[in-house]
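Q: Please go through this structure and explain, term by term, how each label is justified by its definition.

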Amino acid sequence: MTAKKEVHDFAVKYHSLYVNPQTVESEVEEGFADQCFTFRFEMDCGKRFIDTFSNDAFYKNDALDKVIDEIDDVDLLGSAIFSHWRYVTHWADYSSLLDDEHRPWFITAFGRLAVITEEPETSTFIFEGTLQKIQLTSNNICYGPCPEPEDEIEQHLTITSDGRVWLSRYRFGVMGDEHELIEKLSFSISTEAVNEIMTAISSYFSDEYDINFVTDVGSWDLTLTNTDGQTYKITGPLIYDLYTPSGGLSDLIRSKLGRNDLFVFDGNPDAITRIEIKYHRNTKIKPRVQEDTTWEYVTWDYNELLTIDRDSETLEHIREIGTGCKVTNSYYVQEGITRFLDDIDIDAFSEIEGNPPDVVEDPLESKDYTITVFTKHGDTHIVTGTFDKKGLPADWPDFINNVYEFMAFYGLGELFDERVYGKAKRRQSDFIFCNVEFEDGGRTYCYLADSDDFCEGDLVVVPAGPDNHEAVVRIESIEYHSSESAPFPIEKIKHIQRKYEENETHK
């Protein structure tokens with residue numbers, strides 16, 4: 001049996017190394033085998049682990065993740081880690097311990113090893129107790145281009161349970177010298193604000209949390225201290241916020257401290273907060289009969305305005321079709337608009353091919369647009385041009401198609417749906433006829449349902465063919481008919497057997 005305390009420290013060390021995007025190969029390779037031999041972990045090519053779980057769980061992180069919570073045997077997991085390490089370093093061609101294939105596996109495995117070896121009085125991985133102090137260092141230096149001397153690259157943030165806050169910010173400065181201090185200050189926040197921060201942080205890190213690894217980004221180092229003086233150290237990549245059911249931890253801390261410039265856990269990336277799109281078409285129409293000779297054309301001035309706003313969680317589309325005619329569609333979708341805007345790149349609409357100089361213009365019609373993008377950091381990007389294929393941004397088709405699908409999802413409502421207003425209630429003597437389709441665009445067949453438990457769109461199991469083999473079909477429509485008005489003889493119609501369950505398999 002191994003000594004839990006030593007194995008726990010070993011697991012925490014290597015979990016932190018694999019999570020840290022700035023770790024280099026030598027740090028997870030040199031001396032690792034010697035430590036495993038010290039703990040008497042077996043290098044058995046994963047045989048015992050594969051026999052207990054599966055071949056995929058030994059080699060693939062997604063399979064390991066499905067069984068990881070079942071693992072309580074320290075020697076079994078430690079030997080699997082040693083064997084996987086040996087596989088990567090000696091047998092897997094062109095593989096690295098830190099590549100996208102193997103790194104997540106080690107993060108999952110070492111995370112579980114740390115959990116099952118921790119002792120309540122010496123725990124340094126999963127937070128326990130009452131949180132008294134938070135110390136967070138966020139550094140955004142990565143493997144990309146060297147920062148400019150004025151670039152802010154690091155922040156030190158300390159928050160204590162009595163509401164005191166210390167913040168230091170550093171710029172890159174001169175290469176080779178220490179980073180230059182930009183700002184150093186201390187202040188206090190309300191009891192309510194600090195309690196929200198402490199509760200959110202302690203809740204997140206007191207459970208088996210997930211820290212996704214990412215290469216070539218900055219990193220953060222977090223130290224949590226409880227009222228008993230125990231410290232808990234965690235490292236992660238400075239790119240993703242850490243989300244709880246009530247929201248992101250970075251956004252919470254920035255909000256409660258009143259500082260929108262904090263790196264915290266996600267590096268404070270910019271994000272789109274609002275998009276405004278104005279479309280204008282001016283068309284000159286020459287009437288067939290001209291009674292007034294003072295003018296030659298009738299002008300149709302047509303406008304559209306599309307706004308997508310994060311704060312109000314609304315999407316609004318307004319059409320000014322003509323004088324005295326305005327059509328407005330407004331959608332309020334809580335969290336839906338936020339997710340929609342999160343999927344749009346901050347540099348959207350920046351690439352435009354443009355029309356050639358000899359393009360033929362229509363003297364009677366013009367179409368132009370203005371796109372205004374507002375960001376969280378206060379930037380405003382304005383794009384203008386002619387509303388045509390080469391005058392619009394290259395990503396316009398994908399963007400506007402996504403907007404259309406967003407709006408179309410909610411439809412026009414049931415007031416306009418003949419399937420709703422045209423459906424009569426069933427009489428007790430009526431039979432339930434379900435028109436089903438075996439495949440998209442295929443022929444429709446009719447089956448009887450023995451209850452009202454089925455709805456249009458349901459997948460159901462029916463007997464099919466001369467041998468009545470089971471088949472899965474989709475109900476396209478439902479009708480009610482008496483035996484006298486039935487579209488088919490009742491005695492010749494087959495019955496739906498049951499609703500289809502996702503874990504069933506059918507041809």
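A: Strand 17 is joined by six bridges to strand 18 (residues 469-481), and the two run antiparallel. This is a predicted model, in which local features need pLDDT of at least 70 and side-chain atom pairs count only at pLDDT 80 or more, while totals for chains, interfaces and linings use all residues. Residues are numbered from 1 along each chain as its sequence is written, and side-chain values use heavy atoms, with hydrogens and water left out.

Q: What makes strand 17 and strand 19 a pair?
A: Strands are DSSP runs of E with at least two residues, as helices are runs of H or I with at least four, numbered from the N terminus; two strands pair if DSSP finds at least two bridges between them. Strand 17 and strand 19 (residues 498-499) have two bridges in the antiparallel sense, so the pairing criterion of at least two is met. In strand 19, Arg498 is the bridge partner of Val461, whereas Val460 stands opposite Val473 in strand 18.

Q: Why is strand 17 called largely enclosed by the rest of the structure?
A: Buried means under 20% relative accessible area, exposed over 50% and partly exposed in between, with a 1.4 Å probe and protein chains only. Five of the six residues of strand 17 (residues 459-464) are buried, so the strand is largely enclosed.

Q: How do you know that the side chains of Asp342 and Arg310 meet in a salt bridge?
A: A salt bridge requires a side-chain nitrogen of Lys or Arg within 4 Å of a carboxyl oxygen of Asp or Glu. For Asp342 and Arg310 the N to O distance is 3.0 Å, so the pair satisfies the rule. The pair links distant parts of the chain, 32 residues apart, with Asp342 in helix 11 and Arg310 in the loop between strand 10 (298-309) and strand 11 (314-322).

Q: Are Arg310 and Asp342 buried or partly exposed?
A: Arg310 has a relative accessible area of 16% and is therefore buried, whereas Asp342, with 47%, is partly exposed.

Q: How do you know which residues of the lining of the largest pocket are nonpolar, polar or charged?
A: Ala, Val, Leu, Ile, Met, Phe, Trp, Tyr, Cys and Pro count as nonpolar, Asp, Glu, Lys and Arg as charged, and the others, Gly among them, as polar. On this basis the lining divides into 13 nonpolar, 10 polar and 13 charged residues.
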